Amino acid sequence: GGRYDNLTGVFGLKDVSGVGISFGADRIFDVLNQLDLYPKEALFGSELLFINFGEKEAAYCLKALTKIRKAGVRAGIYPDFGAKMKKQMTYADRNNVQFVAMVGENEIKEGKVSLKNMISGEQKPVTIEELIEIVKNK
């Protein structure tokens, strides 16, 4: 269990704390796997991770994520505002995330994201629609 200060801050609801507990999540996972009841699609991680540069950027990313997920792309945003970019990129690499999206002031002004292919190293600015096509056709 634990306490999570400003848990809802990412979603625009400031100064609301949260608490949580777990009832043997490891055991439940083991049983689901043993009985082959664990959904196969849940075994695959994210295809795309948005790097989190701060609140303003995260708000832009969350709007984009809604559209991206509706298109069938498994995507997320790094949850910690304060984490250094190197830590976030290492996280993406360790979790075999093929694409990383970065959004700064310039990208917000242009309505784009900077998309990096973690395998090839290629990085370029793209629209959300272009991002969806690239990730889906990898």
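Does Asn52 count as buried or exposed, and at what relative accessibility? In this predicted model, the value for Asn52 is 3%. With the cut-off for a buried residue set at under 20% relative accessible area, Asn52 therefore counts as buried. The residue sits in a loop, the one that links β3 (48-50) to α2 (55-70). Its side chain comes to 3.2 Å from the backbone nitrogen of Gly54. Beyond its neighbours within four places in sequence, Asn52 makes contact with Ala58, with the run Ile77, Tyr78, Pro79, Asp80 and Phe81, and with Gln88.

It helps to step back to the whole chain before returning to the strand that leads into this loop. The chain holds five helices and seven strands. Read from the N terminus, these elements follow the order β-β-α-β-α-β-α-β-α-β-β-α. Of the 138 residues, 30% are buried. The accessible surface amounts to about 9400 Å², and carbon and sulfur atoms account for 53% of that area. When contacts between residues at least 6 apart in sequence are considered, 51% of them join residues at least 24 apart.

Strand β3 offers a good view of such contacts. Leu49 belongs to this strand and, with a relative accessible area of 5%, is buried. Its C-alpha atom lies 8.5 Å from that of Gln98, although 49 residues along the chain separate the two. Outside the four places on either side in sequence, the contacts of Leu49 include Gly76, Ile77 and Tyr78, then Gln88, Tyr91 and Ala92, and also Val97, Phe99, Val100 and Ala101. Leu48, with residues up to four places away again left out, touches Ile68, Val73, Arg74, Ala75, Gly76, Val97, Phe99, Val100, Ala101, Leu115 and Leu131. Gly76, Val97, Phe99, Val100 and Ala101 thus appear among the contacts of both Leu48 and Leu49. As a general point, the side chains of a regular strand alternate between the two faces of the sheet.

Nonpolar side chains in soluble globular proteins tend to be buried together. Here the largest nonpolar core has 21 residues, and those touching the most other members are Leu48, Phe50, Ile68, Val73, Val113 and Leu131. At least two residues of this core come from each of β3, α2, β4 (75-77), β5 (99-102), β6 and α5 (128-136). Helix α2 gives the largest share, with six residues. Separate from this core is a second one of seven residues, among them Ile51, Ala92, Val97 and Met102.

Helix α5 has its own buried set, made up of Ile128, Leu131, Ile132 and Val135. Viewed along the helix axis, these residues fall within an arc of 100°, so they line one face of α5. The elements that cover them include β3, α2, β5, β6 and β7.

Two of those covering strands also form a hairpin. Strands β6 (residues 113-117) and β7 (residues 123-126) are paired in the antiparallel sense, with four bridges between them. Within this pair, Lys124 of β7 stands opposite Leu115, a residue that is also one of the contacts of Leu48. Five residues lie between the two strands of the hairpin, where Gly121 adopts a positive phi near 85°.

Terms used:
Residues are numbered from 1 along each chain as its sequence is written. This is a predicted model: local features need pLDDT of at least 70, side-chain atom pairs count only at pLDDT 80 or more; totals for chains, interfaces and linings use all residues. Side-chain values use heavy atoms; hydrogens and water are left out. Buried means under 20% relative accessible area, exposed over 50%, partly exposed in between (1.4 Å probe, protein chains only). A polar contact is a pair of N or O atoms within 3.5 Å; within protein, one must be able to donate a hydrogen and the other to accept it, and residues adjacent in sequence count only if both atoms are side-chain atoms. Contact means heavy atoms within 4.5 Å. Two strands pair if DSSP finds at least two bridges between them. Accessible areas come from the Shrake-Rupley method with a 1.4 Å probe; for residues, only the protein chains shown count as cover. A nonpolar core is a set of buried Ala, Val, Leu, Ile, Met, Phe, Trp, Tyr and Cys residues joined through side-chain atoms within 4.5 Å. The arc is that of the directions from the helix axis to the C-beta atoms.
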